[in-house]
Protein chains: 2
Amino acid sequence: MAEPHRQSDYHHGDLRSALIDAAIDLVQEEGVGALSLRQVARRAHVSHSAPYHHFRGKADLLAEVAAAGFDRLVQTIEAEFQKYAADDHLGRLVAVGAGYLSFALQNPSLFRLMFRPEMTSPGDHPGVRAAESRAFATLQDTLVACQLHGNVSSDSVLSMCMSCWATMHGLCMLWIDQVVDETPLRDVPFDGLAQEVQERLVASLTLKMAKAP
Amino acid sequence: MAEPHRQSDYHHGDLRSALIDAAIDLVQEEGVGALSLRQVARRAHVSHSAPYHHFRGKADLLAEVAAAGFDRLVQTIEAEFQKYAADDHLGRLVAVGAGYLSFALQNPSLFRLMFRPEMTSPGDHPGVRAAESRAFATLQDTLVACQLHGNVSSDSVLSMCMSCWATMHGLCMLWIDQVVDETPLRDVPFDGLAQEVQERLVASLTLKMAKAP
DNA sequence: GCCAGAATCTTGACACTGCCCAGATGAGCT
DNA sequence: AGCTCATCTGGGCAGTGTCAAGATTCTGGC
């Protein structure tokens, strides 16, 4: 039951990650809006200004939470990815999308936080940048592999990345923000809807786009 | 310079919409996070608790702002829509997407607020629901017209709505939240990227999806 | 072993926020 | 006229993010 080395109330070993964990829990339980630095500190059984010795402020803590979220996102995607054979490139492409969607549905609050720049100021936070780039690279690499083996058209890979990412990201956002609940789409089973959208997306990647004359 | 009928400090005529306007300005200038009810009141030259006679609380005011945003979104879309002839159904479909994108790029903070349910609690706000439904109906009607005239496949219209909406919504979100800035996509001109994504989307709507056996 | 300096944590404070209350003010109806 | 009620004010409460000063513990060099 004892922590690795819990000497006393002071210096309890690893307050930094304890705070991040507490913040992740709070975000998932109550959402980003209901999260306060003081409550995080309370959860870690620590005074209200102890976090300032590990983070520059609230935004900095939230950025760390976002970075952890991106790491988990990559893990989820790669877990889905590994279910397909190395030569099933289209299957792996679908898996990347499915992993993205699955993560968003299972961690809606965390997912929202990860894409909220005004809360996390990611521009000056290298951890978030790195985690984001890693997630994007997974998609890009998969698409490149598809193209090398003739599974998708020879269009610009970046352009196709944008199509894939935008479609899946929009699907996640509209669903977890419950926007579709205000439309006729609310009566359509979401799983089937998501699958059709993804199938249409994959089909569109096989089309050679007409170049401007 | 005088208001329509500014009798005195009390009952200055139309405080309700003055507060909404002030809130819209503040959202666009400083973002949703930096908006406080007291600051809105200050902008309207009114005491800090005057807003409570017109709104149930902060969330209620923000919901009103979101509703106003949806109205403007519909206006932007319809303005774009009218540029195309009544029988150019595919052109009008593209116009709906272009209007959506254009509104998001020109009103990023407002756009973000509109799709933030934890701030606006739209579930119990009929104004937001109505405005949202109206925006969706524009897309749905356009797609139905396309289908009637054979411009898109005979697949489920709702499914195609979801593809269109998700793709354009994701494009908007990823761009205005500056997520693409952390990826190789940052070096690609956005206009061309958006156009290619939209072209691929439209092309995919003409494909007949394979039914599950 | 021991002690100075650095790291960590606490307490206290300030300005700000959302929300609620009692009271002041004026508009509109009878 | 007078009365009623919606509107607006000011003060107050609990909670927040952030900072400064002091207390406590760890660490490296002797």
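The following questions and answers explain how terms are applied to this predicted model.

Author: In this predicted model, local features need pLDDT of at least 70 and side-chain atom pairs count only at pLDDT 80 or more, while totals for chains, interfaces and linings use all residues. Residues are numbered from 1 along each chain as its sequence is written, chains are lettered from A and ligands numbered from 1 in the order in which they are written, and side-chain values use heavy atoms, with hydrogens and water left out.

Reader: Why is A:Cys164 said to be in no disulfide?

Author: A disulfide is a pair of cysteine sulfur atoms within 2.5 Å. A search of the whole structure finds 0 disulfides over all chains. For A:Cys164 the nearest cysteine sulfur belongs to A:Cys161 and is 6.7 Å away, so the pair does not meet the cut-off of 2.5 Å. B:Cys161 is in no disulfide either, with the sulfur of B:Cys164 as its nearest, 6.7 Å away.

Reader: What makes B:Cys161 count as buried or exposed?

Author: Buried means under 20% relative accessible area, exposed means over 50%, and partly exposed lies in between (1.4 Å probe, protein chains only). B:Cys161 has 0% relative accessibility, so B:Cys161 counts as buried. A:Cys164, at 6%, therefore also counts as buried.

Reader: Why is the pair of A:Asp155 and B:Arg200 called a salt bridge?

Author: The term needs a side-chain nitrogen of Lys or Arg within 4 Å of a carboxyl oxygen of Asp or Glu. The closest N and O atoms of A:Asp155 and B:Arg200 are 3.6 Å apart, so the pair fits the rule. This pair crosses between chains, from the loop between helix H7 (126-148) and helix H8 (157-176) of chain A to helix H9 of chain B. A:Asp155 is buried at 10% relative accessibility, and B:Arg200 is buried at 1%.

Reader: How do you know that the pair of B:Asp155 and A:Arg200 joins two chains?

Author: B:Asp155 lies in the loop between H7 and H8 of chain B and A:Arg200 in helix H9 (residues 190-205) of chain A, so two chains are joined. Their closest N and O atoms are 3.6 Å apart. B:Asp155 counts as buried at 9% relative accessibility, as does A:Arg200 at 1%.

Reader: What makes A:Asp187 count as buried or exposed?

Author: A:Asp187 has 61% relative accessibility and therefore counts as exposed. A:Asp187 forms a salt bridge with A:Arg186, the closest N and O atoms being 3.8 Å apart. A:Arg186, at 43%, counts as partly exposed.

Reader: How many salt bridges does the rule find across the interface of chain B and chain A?

Author: The rule finds 4 across this interface, and a search of the whole structure finds 18 over all chains. A:Arg129 also forms a salt bridge with B:Glu182, with the closest N and O atoms 3.1 Å apart.

Reader: What is the area buried between chain B and chain A?

Author: Buried area is the accessible area (1.4 Å probe) that two parts lose on being put together, summed over both. Between chain B and chain A this is about 4,400 Å², of which carbon and sulfur atoms give 67%. B:Met162, B:Glu182 and B:Arg200 supply 18% of the area that chain B buries against chain A, more than any other three residues. By contact, meaning heavy atoms within 4.5 Å, 43 residues of chain B meet 43 residues of chain A.

Conventions. Helix = DSSP H or I, 4+ residues; strand = E, 2+ residues; numbered from the N terminus.
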